[in-house]
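Me: I have a model open and I'd like to learn how to read it feature by feature. Can you walk me through it?

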Amino acid sequence: MTAAARNPGSEPRGPIKRINLALQGGGAHGAFTWGVLDQLLDDGRLEIAGVSGTSAGAINAVICVDGLARGGPAAARRKLAEFWRAVSIDGKLPAMQRRIVERMLNFNPLRTTSPVQAWFNVVSQHFSPYDLNPLNINPLKEVIERFVDFETVRNATGVLLYVAATNVVTGRLRIFPRHVITADVVMASAALPLVFQAVTIDGTPYWDGGYMGNPAIFPFFRDSTTEDVLIVQINPLERHQVPTSVHDIMNRINEISFNSSLLAEYRAIELVAREIDLGRLPHGFGAGEYRRINAHRIVLGEGHAAYSADTKLSTDYDFFRMLHLSGRRAARQFLEHHFDDIGVRSSFDLRGEAHAEWAG
């Protein structure tokens, strides 16, 4: 199928390349990922082979796959736009759903922006979600089901899909593949512990997947014949100012912990590629063979001032649109500079990114 057929109204601008997408979570900054997806789907030169997502990245992922399955790139773009419009502060969600979605998108519960938020911050220091919401009322599920037909997603055999959550009991990462993904799975991936009760699936409680896989890349190693992965990274690896306030310190702790698994995957990808290049590991797709993953990324804030922790709290549609436009611009720049790298090489220095710092 040609790019024009997959994306009616647009003409292909070059050869079609297949790629997997790995989408980080990061609260309201997930609107940047919306912009990246919108541009990639609009461009027409990339065919999405698989998507992995965590938290807000998982929501973008399931909406994208649902749209692709039901109407191709144009439908995916439309559904993503409808979701981000609906969850903005001036969208049309009912009041209860809006409060739940705002808590999810706020990402960090320690920011004081209003009397109500200040009250929540004080109360949450002494009471857990189990105390404040003993009936576990969570309209987020209704919001997700409004935008995603999960039966369609589970049957979308043309695209791999993975959603990550953290097993509360074992502390291990749980990967949910496409054929078992439900609204509860997406809720589990987005279940910040200070905001939501753990989501129980098949008797096991889960929290936000960002603690152990933000995003998870390794599922593609086993299941995909596509060796290129594009990471949409919205949590910065570096901050050039030392945080001094409680809010900034907690946010930086979250950023570091939510990026730790990604750095570990960078190290593994780089090591395997190096061993393949040296002839020490067999390269291929059969049993006992290893994939040589070409890693690419689009980073929120790269090339200009990074968005701050405070902006994760905004649910204003104008802010979402600004992030969306920033995401489209970043995706265009990536395609302009690195499209030829896809299928050939990684487009950033994995070893330099993930190396440990040695003293002495």
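Me: Let's begin with strand pairing. Which residue in β4 is the bridge partner of Val-163?
Reply: To read a pairing, pick a residue on one strand and look for its partner across the gap. Here, Val-163 has Phe-176 as its bridge partner in β4. Another pair to click on is Ala-164, which stands opposite Ile-175 in β4. Keep in mind that this is a predicted model.

Me: How many bridges join β3 to β4, and do the strands run parallel or antiparallel?
Reply: Strand β3 covers residues 160–167 and strand β4 covers residues 173–177; 5 bridges join them, and they run antiparallel. The hairpin they form has 5 residues between the strands, and Gly-171 takes a positive phi near 75° there.

Me: Which other strands does β3 pair with?
Reply: Go through the candidates one by one. Strand β2 (residues 46–53) is joined to β3 by 4 bridges, and this pair runs parallel. Look for Gly-50, whose bridge partner in β3 is Leu-160. Then there's strand β6 (residues 204–208), with 3 bridges to β3 in an antiparallel arrangement. In that pairing, Thr-166 stands opposite Trp-207.

Me: Is β3 buried or exposed, then?
Reply: Count residues for that. In β3, 7 of the 8 residues are buried, so the strand is largely enclosed by the rest of the structure.

Me: Now helices. Which residues of α7 are buried, and where do they sit around the axis?
Reply: First list the buried positions, then check their directions from the axis. Helix α7 spans residues 140–147, and Leu-140, Val-143, Ile-144 and Phe-147 are buried in it. They cover an arc of only 95° around the axis, so they lie on the same side of α7.

Me: What about the length of α12?
Reply: Compare the end-to-end span with what the residue count predicts. With 22 residues, α12 reaches 31 Å from its first C-alpha to its last, close to the 32 Å expected at 1.5 Å a residue. Its buried residues include Tyr-317, Phe-320, Leu-323, Arg-328 and Leu-335.

Me: And how do I see what a single residue in that helix is packed against? Take His-324: which residues is it in contact with?
Reply: Set aside the sequence neighbours and list what's left. His-324 is found in helix α12 (residues 317–338) and counts as buried, at 4% relative accessibility. Beyond its neighbours within four places in sequence, His-324 is in contact with Ala-31, Trp-34, Gly-35 and Asp-38.

Me: Let me follow Gly-35 back the other way. Where is it found, and what does it touch?
Reply: Gly-35 belongs to helix α2 (residues 30–43). It is buried, with a relative accessible area of 0%. Not counting residues up to four places away in sequence, Gly-35 touches His-324, Gly-327 and Arg-328. For a feel of the distance along the chain, try Arg-329: it is 294 residues from Gly-35 in sequence, yet the C-alpha atoms are 8.1 Å apart.

Me: Does the same exercise work on a charged residue? Which residues is Asp-66 in contact with?
Reply: Sure. Asp-66 is found in helix α3 and is buried, with a relative accessible area of 0%. Leaving out neighbours within four places in sequence, its contacts are Lys-79, Phe-147, Val-148, Asp-149, Thr-152 and Val-153.

Me: How many residues does the largest nonpolar core have?
Reply: The general idea is that, in soluble globular proteins, nonpolar side chains tend to be buried together. In this model the largest nonpolar core has 69 residues, and those with the most contacts inside it are Leu-21, Phe-32, Val-51, Ile-181 and Phe-320. Helix α3 (residues 56–86) gives the largest share of this core, 13 residues. Apart from it lies another core of 17 residues, among them Ala-164, Ile-175, Leu-262 and Ala-295.

Me: Last one: how do I sum up the whole protein?
Reply: Step back to the totals. The protein has 13 helices and 8 strands, and buried residues make up 54% of its 360 residues. Of the contacts between residues at least 6 apart in sequence, 74% join residues at least 24 apart. As for surface, the protein exposes about 16,300 Å², with carbon and sulfur atoms supplying 55% of it.

How values were computed: Residues are numbered from 1 along each chain as its sequence is written. This is a predicted model: local features need pLDDT of at least 70, side-chain atom pairs count only at pLDDT 80 or more; totals for chains, interfaces and linings use all residues. Side-chain values use heavy atoms; hydrogens and water are left out. Two strands pair if DSSP finds at least two bridges between them. Helices (H or I, at least four residues) and strands (E, at least two) are DSSP runs, numbered from the N terminus. Buried means under 20% relative accessible area, exposed over 50%, partly exposed in between (1.4 Å probe, protein chains only). Contact means heavy atoms within 4.5 Å. The arc is that of the directions from the helix axis to the C-beta atoms. A nonpolar core is a set of buried Ala, Val, Leu, Ile, Met, Phe, Trp, Tyr and Cys residues joined through side-chain atoms within 4.5 Å. The expected span of a helix is 1.5 Å times one less than its number of residues. Accessible areas come from the Shrake-Rupley method with a 1.4 Å probe; for residues, only the protein chains shown count as cover.
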